Structures are given as C-alpha cells and as structure tokens.
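This report describes one protein chain for a reader who is new to structures. Please keep the sequence and the 3D view at hand while reading.

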Amino acid sequence: MDTTTLPLVDIADWCVVSEDDPYQPPENRYTMLRGAVYSHPRKPNGMVVVTSPIISVDGRIVTTKHTCYRLLKPSEEYISWCLKNGYPDPTDSDNPIRVAP
C-alpha cells in the first residue's frame with residue numbers, strides 16, 4: 001500500500017479498541033484506534049473518533065484504509081489497563097502498538 005498519498009493525522013488520548021460484535025469470529029475481528037484527532041482533513045481538531053481498521057503499524061505511525069495516524073500520548077486509562085493486564089506499554093516510543101498479522 002502506498003501511504004505517501006494518505007493524510008497524516010495526529011491522534012491523542014488514544015487507545016486500541018476492537019469490534020464489539022458477538023457474532024463475529026475472533027479471527028475476523030478488527031482493531032481500531034479511538035482518540036482525539038488533530039490536523040484531520042474532514043474532522044475538527046479535538047474531535048474524538050474511532051478509526052477504520054488498522055492495516056499496519058510502523059513505530060508511532062498507524063495506517064488505516066484512508067489515513068495515517070501519528071500516535072501522540074495514549075489515554076492514561078489505557079496505559080493503566082495495558083500494564084495491569086500484561087499488555088505492552090503503549091508509551092513505548094518504538095513499539096506502542098502490536099497487532100496480529
């Protein structure tokens with residue numbers, strides 16, 4: 001996928017969320033970001049959104065179908081939840097998100 005044509009949007013106070021569809025098999029569930037966006041071409045600054053499904057992650061850049069998101073500071077609640085439940089630290093500047101291939 002050529003990401004050079006996608007807009008780069010900052011996302012703050014973010015967390016990773018997944019589809020909440022009890023009829024969707026686990027192997028078909030998508031992961032997305034939820035957070036406040038800045039410099040989005042169609043959304044006002046500070047608007048909280050849920051992105052389309054994550055396609056790839058490269059450090060702090062997360063690519064979805066139509067947008068690349070630059071991860072700013074994650075949600076404090078999300079940081080606490082990750083650390084409490086044994087998930088990777090989302091404040092890790094090199095690898096804040098790990099998604100299954």
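The text below goes through confidence, the sheet, the aromatic rings, the cysteines and a few single residues.

**Confidence**

The model is predicted. The mean pLDDT of the chain is 88, and 94% of its residues reach 70 or more. Among the elements of the chain, the lowest mean pLDDT belongs to β4, at 91, and the highest to β6, at 95. Where pLDDT is low, predicted coordinates should not be read in detail.

**The sheet**

Six strands make up an open sheet, and their order across it is β3-β2-β1-β6-β5-β4. The pairing in this sheet is mixed. Strands β3 (47-50) and β4 (56-58) are at the edges, and each has a single partner strand, so one side of each is left without a neighbour in the sheet. From one strand to the next, the twist averages 35°. Strands of a sheet pair through backbone hydrogen bonds, and the pairing can be parallel or antiparallel.

Several of the pairings can be followed strand by strand. Strand β1 (residues 8-18) runs antiparallel to strand β2 (residues 31-38), and seven bridges join them. In this pairing A12 stands opposite A36 in β2. Strand β2 is also joined to β3, by four bridges, and these two strands run antiparallel. Here A36 stands opposite V48 in β3. A36 can therefore serve as a landmark in the 3D view, since it faces A12 in one pairing and V48 in the other.

Further along the sheet, strand β5 (residues 61-63) and strand β6 (residues 68-71) run antiparallel and are joined by three bridges. I61 stands opposite R70 in β6.

The loop between β5 and β6 contains T67. Is T67 buried or exposed? T67 is buried, because its relative accessible area is 4%, and the limit for buried is under 20%. Apart from its neighbours within four places in sequence, T67 is in contact with L6, P7, V9, H40 and V62.

**Aromatic rings**

A pair of aromatic rings is described by the distance of the centres and the angle of the planes. The whole structure holds three aromatic pairs. Two of them are described here.

W14 and Y78 form a tilted pair, with 5.7 Å from centre to centre and 55° between the planes. W14 lies in strand β1 and Y78 in helix α1 (residues 76-84), so this pair ties together parts that are 64 residues apart in sequence. Both W14 and Y78 are buried.

Y78 also pairs with W81, and this pair is stacked: the centres are 6.5 Å apart and the planes are at 10°. Both residues lie in helix α1, three residues apart, which is about one turn of the helix. Y78 counts as buried at 14% relative accessibility, whereas W81 counts as partly exposed at 44%. Ring pairs link W14, Y78, W81 and Y87 into a cluster.

**Cysteines**

How many disulfides does the structure hold? There are zero. A disulfide is a covalent bond between the sulfur atoms of two cysteines. For C68, the closest cysteine sulfur is that of C15, at 19 Å, which is too far for a bond. C82 is in no disulfide either, and the nearest cysteine sulfur, again that of C15, is 8.9 Å away. For comparison, the cut-off for a disulfide is a pair of sulfur atoms within 2.5 Å. C68 is buried, with a relative accessible area of 6%, and C82 is buried as well, at 2%.

**Two residues with positive phi**

Two residues that are not glycines have a positive phi, namely D13 and S39. The table sets out their values.

| Residue | Phi | Place | Relative accessible area |
|---|---|---|---|
| D13 | about 55° | strand β1 | 48% |
| S39 | about 65° | loop between β2 and β3 | 53% |

D13 counts as partly exposed, while S39 is exposed. D13 belongs to strand β1, and S39 is found in a loop.

Notes: Residues numbered from 1 in each chain as written. Predicted model: local features only at pLDDT ≥ 70, side-chain atom pairs only at ≥ 80, totals over all residues. Heavy atoms only, no water. Pairing = 2+ DSSP bridges. Axes fitted to C-alpha atoms, helices over the stretch in contact; angles between N-to-C directions. Buried < 20%, exposed > 50% of the residue type's maximum accessible area, 1.4 Å probe, protein only. Contact = heavy atoms within 4.5 Å. Phe/Tyr/Trp six-rings, centres within 6.5 Å; stacked < 30°, edge-to-face > 60°. pLDDT = per-residue confidence, 0-100.
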